[in-house]
Amino acid sequence: MDEFGVYAVFGVNGPPQRLLRAEGSCRVCVAVPPSVRQVVLFSSGQWGDRVCVNAELNDADRTPITIGKLTPYNRCLSWEQWEEETWTDSVTLNVALEGGDLTKADWSEPELILAVKEYTPKDTVAPVAARDLKGKRKRKRDRAAEEEDDNKVPKTEEEENTSSDSSEEKATPVRKIRGQTKCGQKLFSGGAGETQGIVGKTPPQSAARTKSRQAKTPTQTAPLLSPSGRWGQTLCPIDAQTAILIGGQGARMQFCKDPMWKLCTEDLSWVAAETLAEGPTPEARIGHTAIYDSDSKRIFVFGGSKNKKWFNDVHILDTQSWKWTMVEARGNVPPLAYHSCSMFRGELFVLGGVFPRPNPEPDGCSDSLYIFDPQLSVWYQPIVTGDQPSPRSGHSACVMQERKIYVFGGWDTPVCYNDMYMLDLGLMEFSAVKTTGKAPSPRSWHGSAVLSDTKFLIHGGYNGNNALSDAFVFDIDTNSWTEVTLPQLSVPRAGHSIVTMETAGCSRFPEDVEVNAGSVGNTLLVFGGGDNEGNFYSDLTTVAVEELLAAIQRG
């Protein structure tokens with residue numbers, strides 16, 4: 001079939017129904033029958049100049065439950081009710097086409113759609129009903145809609161955590177948004193009772209939620225010029241002037257509609273990158289890792305979680321062909337989130353993290369080390385000796401001098417850590433590091449970045465009650481901590497990203513201040529994270545590395 005069309009399947013036994021066609025409305029809003037627990041959206045035919053198809057599942061208050069996007073490279077989406085806590089009986093599917101000869105869609109004025117009768121079996125109720133702007137059904141469908149309302153199926157009980165098997169999952173992933181939290185609820189709320197409920201399990205967004213009754217704000221038609229505020233994302237440098245932003249979760253605990261961006265440090269500009277890459281993109285997630293291999297020019301995305309779903313899949317983005325592939329890996333690695341991932345000699349070293357357990361058991365933390373070999377597409381566990389770190393998640397890991405990994409902090413129920421461990425990559429031996437100086441307080445979900453061959457930075461994080469704003473530099477030659485104070489690093493953040501890259505500008509310092517020549521021109525870039533008031537940052541903060549090192553000398 002060459003003619004372009006967008007189709008939906010409602011339920012496992014439902015027939016395909018055409019929602020959009022080459023000539024016709026570019027915006028539709030349809031009601032999902034109460035008995036339906038799965039929705040599949042897909043395109044057929046040639047895309048031509050069309051850019052994408054935006055899709056939203058909304059609740060009765062027109063608040064997004066989950067979102068997705070069809071592109072010429074990703075032509076299928078699927079949703080299931082068990083993945084979404086806010087999916088009730090009154091759900092609508094909104095679909096809008098962008099590109100081609102059509103103007104950009106405006107969600108505030110959805111077009112009408114009637115049930116496609118030729119696709120509806122005679123012995124079943126039509127799975128779609130027309131809606132107007134205010135959500136009212138068309139008159140000719142009112143009676144059928146009322147009959148549907150009378151036959152609503154009660155919502156099923158919450159299912160157990162499930163994981164994504166990287167050797168079996170092949171369907172094109174879906175972009176999703178989580179339901180809203182209580183109005184005014186803090187991302188990092190205080191209280192010992194609340195802390196014990198989340199430490200070592202999932203991040204604070206796993207606390208109880210209720211839908212906000214606030215009306216949905218219509219989506220702006222103007223394209224975003226920079227990423228929306230978020231936390232739990234990754235920012236991965238791929239060369240001296242380019243970094244790739246992937247994933248994250250933003251306001252009202254919703255997964256970001258703009259999950260992928262490219263950052264150019266020459267002018268600190270952003271370019272939306274989701275629709276630029278071919279192949280199956282990773283599903284929306286937080287707590288994943290993204291690491292770049294400079295030899296193969298590829299980004300490796302591993303793990304993370306999304307609502308009740310956990311991942312142990314490996315996605316690879318080739319930065320030369322700009323194409324995604326998903327690895328069918330051998331070996332056993334559990335689904336993990338908030339782990340650390342380090343690249344050493346072309347292999348991924350994954351340590352710790354949260355993993356799911358069947359309900360009602362609490363999720364657990366890992367103390368295991370897994371290695372992924374991209375050449376063989378295999379996971380294996382090395383033989384490791386020495387004093388190994390206790391189980392934890394939300395910790396940091398810095399590769400120093402291409403021979404050591406320094407692991408700091410993290411947490412496990414009900415304890416936050418501020419200890420330091422070092423893994424000798426030659427001997428594969430762990431050892432506890434005895435440090436001097438004022439050490440950071442216990443924390444997790446902090447930011448970390450390598451400053452030089454002998455120094456790395458720890459900034460912010462979450463201590464179980466509050467987001468933190470302090471910054472410390474660790475010197476591996478002296479095993480000493482030094483606290484540094486800079487106005488650019490004074491904002492409380494947790495779940496943020498920090499990377500070291502080159503920028504066009506370079507700060508100047510007094511002649512009596514000795515500056516590490518190897519760091520001149522390098523800049524710390526801080527993005528995202530959340531604070532104590534439920535705010536999520538979208539700004540890009542810059543700090544010259546030489547300014548940071550000079551602050552250490554002055555101290």
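These are my notebook entries on a predicted model of one protein chain.

**Entry 1. Overall make-up**

I started with the secondary structure. The protein chain has 3 helices and 37 strands. I then looked up burial. Of the 555 residues in the protein chain, 55% are buried. Next came the contacts with a separation of 6 or more. Residues 24 or more positions apart account for 64% of them. I also noted the accessible surface. It comes to about 23,800 Å². Carbon and sulfur atoms hold 47% of that surface.

**Entry 2. Strands β1 and β2**

I turned to the N-terminal end of the strand list. Strand β1 covers residues 5-10 and is joined to β2 by 4 bridges. The two run antiparallel. Val6 stands opposite Leu20 in β2. β1 and β2 make a hairpin with 6 residues between the strands. There, Gly11 takes a positive phi near 85°. I checked how well β2 is covered. Strand β2 spans residues 17-21, and 4 of its 5 residues are buried, so it is largely enclosed by the rest of the structure.

**Entry 3. Ala31**

I looked up where Ala31 sits. It belongs to strand β3, residues 27-32. Ala31 has 5% relative accessibility. Buried means under 20%, so Ala31 counts as buried. I then picked a residue far along the chain. Ser90 is 59 residues from Ala31 in the chain, yet their C-alpha atoms are separated by 7.7 Å.

**Entry 4. Cysteines**

How many disulfides does a search of the whole structure find? It finds 0. I looked at two cysteines for burial. Cys26 has 9% relative accessibility and counts as buried. Cys398 is buried too, with a relative accessible area of 4%.

**Entry 5. A four-stranded sheet**

I followed one open sheet across its strands. Its 4 strands come in the order β14-β15-β18-β19, and the pairing is antiparallel. Which strands stand at the edges? They are β14 (289-293) and β19 (323-327). Each has a single partner strand, so one side of each is left without a neighbour in the sheet. From one strand to the next, the twist averages 25°. I then zoomed in on the β19 end. Strand β18, residues 314-318, is joined to β19 by 5 bridges. Asp318 has Lys323 in β19 as its bridge partner.

**Entry 6. Strand β24 and its partners**

I spent the last entry on β24. Is this strand buried or exposed? 5 of its 5 residues (369-373) are buried, so it is largely enclosed by the rest of the structure. I sorted the side chains by face. In a regular strand they alternate between the two faces of the sheet. Leu369, Ile371 and Asp373 lie on one side of β24. Tyr370 and Phe372 lie on the other. Both faces are covered.

Then I traced the pairing. Strand β21, residues 347-351, pairs with β24 over 4 bridges in the antiparallel sense. Leu348 has Phe372 in β24 as its bridge partner. Strand β25, residues 378-380, is joined to β24 by 3 bridges, again antiparallel. Here the bridge partner of Ile371 is Tyr380. So far as the connection goes, β24 and β25 form a hairpin with 4 residues between them. Ser377 is in the turn and has a positive phi of about 55°.

Technical notes:
Residues are numbered from 1 along each chain as its sequence is written. This is a predicted model: local features need pLDDT of at least 70, side-chain atom pairs count only at pLDDT 80 or more; totals for chains, interfaces and linings use all residues. Side-chain values use heavy atoms; hydrogens and water are left out. Two strands pair if DSSP finds at least two bridges between them. Axes are lines fitted to C-alpha atoms, for helices over the stretch in contact, and angles run from 0 to 180 degrees between N-to-C directions. Buried means under 20% relative accessible area, exposed over 50%, partly exposed in between (1.4 Å probe, protein chains only). A disulfide is a pair of cysteine sulfur atoms within 2.5 Å. Contact means heavy atoms within 4.5 Å. Accessible areas come from the Shrake-Rupley method with a 1.4 Å probe; for residues, only the protein chains shown count as cover.
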